Amino acid sequence: MLEDFARALGFLTVLPLPCSPRDESGSFGRSFGWFPAVGLLLGALLGGGALAAGAAPPPPVSAALVVALWVLLTGGLHLDGLMDTCDGLFAAKSPRERLEIMSDPHPGAFGVLGAVCVLLVKYGALLSLLRTDALLLLAGLLFALVLGRWTMAAAAILLPYARHGESLGGRFRRGAGRAQLALASGWTLAVFAALAPVQGVRTVAVLAAGLTLAGALVVLALRRLSGLTGDVYGGLGELAEAGALAAFVAGCCR
């Protein structure tokens, strides 16, 4: 279990690991169950960073620093996936050509616009939360980061994969199944249940907003690619985070 968590942590973040997990067949897929736990850790780290940043510079600068830390801790992995996804899905091409576009490491106009929109939503939401109390700030980050990683895990386990042959996303799905989905869902429900009593928080609205945005991307990917890819998983996480954080702010920061 510790190795599975370490694999999830090593893949989803740039945080150093005390030792490298053993490379076993199906080992990557088992780590999906721990994705929300990694989100919980990231939320705690970002919450601490936000409180530290909020103690010195003005809120707009603090919010920008927290967004930068958010990208830094994840290595920009999910944001890069969102950009590739936007470039591929919005191109007027065939499914095969869209997959080729998504493999191109150079971002296009659609990708840049998608990343800017998501980062602006996160920045605006954090700016509002920095003007409230520490509990609301931490709760909002935990909601967003845990839900974002559950969305990625659930999509990888439940939905068809678009690419054939060897790929990072395809290798990572090996060994993932109902047990991993149950574990990931358990982590997510536990966090949401613990945060539900926070005053002013509308848990259902936060959940619905994050999943609605992610669901829209799923529908688009299934229609235009006939499946999902590793880039789409990253895009799903980014949209779920942005939607959940925006709904959280709308519900408690009026």
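Reader: How many aromatic pairs does the count come to?

Author: The count comes to 7 aromatic pairs. Keep in mind that this is a predicted model.

Reader: What makes F143 and F192 an aromatic pair, and what kind is it?

Author: Their rings sit 4.6 Å apart, centre to centre, and rings pair if their centres lie within 6.5 Å. The planes are at 80°, and over 60 degrees counts as edge-to-face. So edge-to-face is the label for F143 and F192.

Reader: Where in the chain do F143 and F192 come from?

Author: From distant parts: F143 belongs to helix 8 (residues 134–158) and F192 to helix 10 (residues 178–195), with their positions 49 residues apart. As for accessibility, F143 and F192 are both buried.

Reader: Why is the pair of F143 and F248 called tilted?

Author: Here the planes make 50°. Under 30 degrees would be stacked and over 60 edge-to-face, with the rest tilted, so 50° lands in the tilted class. The centres are 5.7 Å apart, and the cut-off for pairing is 6.5 Å.

Reader: What does the pair of F143 and F248 tie together?

Author: Parts that are 105 residues apart in sequence, because F143 lies in helix 8 and F248 in helix 12. F248 is buried, as is F143.

Reader: Which residues form one aromatic cluster?

Author: That would be F5, W34 and W187.

Reader: Why is helix 11 called roughly antiparallel to helix 12?

Author: Helix 11 (residues 203–225) and helix 12 (residues 230–252) pack at about 150°, their axes 7 Å apart. Anything over 145 degrees counts as roughly antiparallel, so the label fits helix 11 and helix 12. Their crossing is right-handed.

Reader: What makes the contact of helix 11 with helix 12, by class?

Author: It has 16 nonpolar, 3 polar and no charged residues. Helix 11 brings residues including A205, L213 and L225, while helix 12 brings, among them, V232, L239 and F248. Gly counts as polar, and G210 of helix 11 is one of the contact residues, as are G235 and G243 of helix 12.

Reader: How do you know that helix 5 and helix 6 are roughly antiparallel?

Author: Helix 5 (residues 77–89) and helix 6 (residues 95–103) pack at about 150°, with axes 8 Å apart. The cut-off is 145 degrees, and an angle over that makes them roughly antiparallel, hence the name. The crossing of helix 5 and helix 6 is right-handed.

Reader: Which residues of helix 5 and helix 6 meet?

Author: D84, T85, D87, G88 and L89 of helix 5 meet R98, I101 and M102 of helix 6. By class that is 3 nonpolar, 2 polar and 3 charged residues. Asp and Arg count as charged, so D84, D87 and R98 go into that class.

Terms used. Residues numbered from 1 in each chain as written. Predicted model: local features only at pLDDT ≥ 70, side-chain atom pairs only at ≥ 80, totals over all residues. Heavy atoms only, no water. Axes fitted to C-alpha atoms, helices over the stretch in contact; angles between N-to-C directions. Helix = DSSP H or I, 4+ residues; strand = E, 2+ residues; numbered from the N terminus. Parallel < 35°, antiparallel > 145°, perpendicular 65-115°, else oblique. Left-handed = near helix turned anticlockwise from the far one by under 90°. Contact = heavy atoms within 4.5 Å. Phe/Tyr/Trp six-rings, centres within 6.5 Å; stacked < 30°, edge-to-face > 60°. Buried < 20%, exposed > 50% of the residue type's maximum accessible area, 1.4 Å probe, protein only.
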